[in-house]
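Trainee: Could you take me through one part of this protein in detail? I'd like a close look at the sheet at the start of the chain, and then at what lies around it.

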Amino acid sequence: MAAIELRGLTKVYPGGVRALDALDLVIPDGEFFALLGPSGCGKTTLLRTIAGLETATGGSVVIGERDVTGVQPGGRDVAMVFQDYALFPHMDVTDNIAYPLRIKKVAKTTRQAKAAEVGARLGLEHLMDRRPGQLSGGQQQRVALARVMATQAQAFLFDEPLSNLDARLRLEARTFLKKLQRELGVTTVFVTHDQAEALAMADRMAVMEAGHIRQIGTPAEVFQRPANTFVAGFIGSTPMNLLDGVAHGGTLEVAGCALPVPTSAEGLLADGEKIVYGVRPEYNAYAAEPAADALGGKVVIMENLGASHLVTLDVNDVMVQAIVPEGREPAIGDQGWAVPRRDRALVYRDGELVAG
Ligand code: ATP
């Protein structure tokens with residue numbers, strides 16, 4: 001087991017795409033770290049560069065105090081699970097799990113014993129003679145994990161390992177993987193498109209944009225206090241309201257309404273300063289009666305979220321989203337008010353969070 005440290009890591013592909021731009025990142029020993037970001041931001045490139053499958057064009061990769069920047073993938077002592085699991089179709093489960101040990105020239109009886117032990121740990125004992133084609137997606141995923149575990153690497157690298165599973169299996173696999181990682185305590189870097197997955201599983205996470213890390217933090221920090229408007233707009237199952245505003249003394253003028261300055265930005269704004277006011281719909285409660293410190297407008301869209309509704313209000317031509325508790329749904333065209341929680345609203349200046 002080992003920490004992973006990236007220093008000024010840069011990858012420019014032939015043709016000039018700068019997929020990683022001088023990244024600095026330290027992932028402590030034993031941490032479960034998620035990489036999140038829109039398609040094409042460089043997540044897979046980052047993982048492959050840690051694994052040595054891509055060569056860095058600048059900077060360094062250190063794993064457990066050893067600089068492995070120039071080391072071949074086989075010498076890095078990390079194990080990677082790919083999106084498609086990359087199982088061998090002609091080998092049974094035992095041989096698939098034992099394959100990395102065969103490459104390391106471990107004796108047959110030893111590697112079969114190891115495959116049986118790891119397979120049992122992952123609940124595969126009754127499937128050891130089957131081939132991948134005779135397994136479900138979830139079972140194949142466990143075989144791929146077992147193969148990684150059998151290698152006893154210093155770090156695990158997962159590239160969207162759950163993306164081929166259906167919604168229910170995916171939830172199951174999420175819990176399972178998290179538990180396994182806890183038990184083994186192996187430093188793990190996990191790439192995902194799915195922010196719910198990252199929020200649920202990671203100890204810490206990084207949000208990437210165009211080859212840069214835009215924020216590093218615990219899931220709670222990234223969700224509650226996005227460091228910039230990019231992360232604020234990217235994280236959250238319903239996007240945060242990001243509304244233009246101007247500071248006037250103790251109040252903010254937002255969409256033609258007066259709101260108190262959020263607690264986090266109190267005393268930090270100059271008079272006349274242009275800002276962006278951020279509040280998640282979850283912290284923006286809908287009221288059917290006129291309310292103070294609220295954004296008042298007309299209901300234009302209602303979306304059912306299951307236990308609640310997401311309402312979109314047209315507030316002086318600015319769209320504002322709020323949550324309506326069950327049983328209080330307004331009708332389209334009704335007049336309504338969105339009341340932001342002052343202790344949860346945020347202020348951005350030049351795209352960056354203003355906070356004391
Ligand atoms: P996704 O979520 O869609 O898998 P990603 O965040 O993993 O995307 P990468 O696959 O790392 O992104 O790609 C980062 C950038 O590098 C993209 O602009 C991509 O087009 C480019 N890229 C990736 N691989 C190569 C390559 N072999 N040659 C040239 N450009 C590449």
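Mentor: Here is a walk through that sheet, followed by the helix, the ligand shell and the rest of the chain.

One thing before we dig in: this is a predicted model. The average pLDDT of the protein is 92, and 99% of the residues score at least 70. For the model as a whole, the scores are ipTM 0.97 and pTM 0.88.

Now to your sheet. Picture an open sheet of 4 strands, laid out in the order β2-β1-β4-β5 and paired in the antiparallel sense. The edge positions go to β2 (18-27) and β5 (66-67); each has a single partner strand, so one side of each has no neighbour in the sheet.

Let's go across the sheet pair by pair, starting from the β2 edge. Strand β1 covers residues 4-12, and its antiparallel pairing with β2 runs over 6 bridges. If you want a pair to click on, take Ile4, whose bridge partner in β2 is Ile27. Next, β1 is joined to strand β4 (residues 58-63) by 5 bridges, and these two run antiparallel. Here the pair to look for is Thr10 with Gly58 of β4 opposite.

That leaves the β5 edge. β4 and β5 are joined by 2 bridges, again antiparallel. Val62 has Asp67 of β5 standing opposite. These two strands make a hairpin with 2 residues between them, and in the turn Gly64 has a positive phi of about 55°.

What about the helix? Helix α1 takes in residues 43-51, and among the contributors to the shell around the ligand it gives the most, with 3 residues. In all, 13 residues surround the ligand, and the closest are Tyr13, Ala19, Ser39, Thr44 and Thr45. Check the numbering and you'll see that Ala19 falls within the β2 range of 18-27, while Thr44 and Thr45 fall within α1. Sorted by class, the shell comes out as 8 polar, 4 nonpolar and 1 charged residues.

Back on α1 itself, the helix is mostly covered, with 7 of its 9 residues buried. Those buried residues are Lys43, Thr45, Leu46, Leu47, Arg48, Thr49 and Ile50. Notice that Thr45 turns up both in this buried set and in the list of residues closest to the ligand. Just past the end of α1, Gly52 adopts a positive phi of about 90°.

Keep going along the chain and you reach strand β6, residues 78-81, which is covered on both faces: Val78 and Met80 are buried on one side, Ala79 and Val81 on the other. As a rule, side chains in a regular strand alternate between the two faces of the sheet. β6 pairs with strand β7 (residues 155-159) over 4 bridges, this time in the parallel sense. Within that pairing, Ala79 has Phe156 of β7 as its bridge partner.

Between β6 and α2 (93-103) there is a loop, and Met91 sits in it. Why does Met91 count as partly exposed? Because 15 other C-beta atoms lie within 10 Å of Met91, a number between the cut-offs of 12 or fewer for exposed and 20 or more for buried. Beyond its neighbours within four places in sequence, Met91 is in contact with Asn96 and Arg131. Thr192, which is 101 residues away from Met91 along the chain, has its C-alpha atom 29 Å from that of Met91.

Finally, let's zoom out to place all this. The protein is split into domain 1 (4-233) and domain 2 (238-354). By residue number, the strands of your sheet belong to domain 1. The centres of the two domains, taken over C-alpha atoms, are 39 Å apart. Where they touch, 7 residues of domain 1 are in contact with 10 residues of domain 2. On the domain 1 side, those residues are 3 nonpolar, 3 polar and 1 charged.

As for the protein overall, its secondary structure amounts to 8 helices and 21 strands. The C-alpha trace spans about 75 × 45 × 35 Å along its principal axes. Of the 356 residues, 40% are buried. And if you take contacts between residues at least 6 apart in sequence, 65% of them join residues at least 24 apart.

Technical notes
Residues numbered from 1 in each chain as written. Predicted model: local features only at pLDDT ≥ 70, side-chain atom pairs only at ≥ 80, totals over all residues. Near = placed C-beta within 6 Å. Nonpolar A, V, L, I, M, F, W, Y, C, P; charged D, E, K, R; others polar. pLDDT = per-residue confidence, 0-100. Pairing = 2+ DSSP bridges. Domains from an automatic or database assignment. Contact = placed C-beta atoms within 7 Å.
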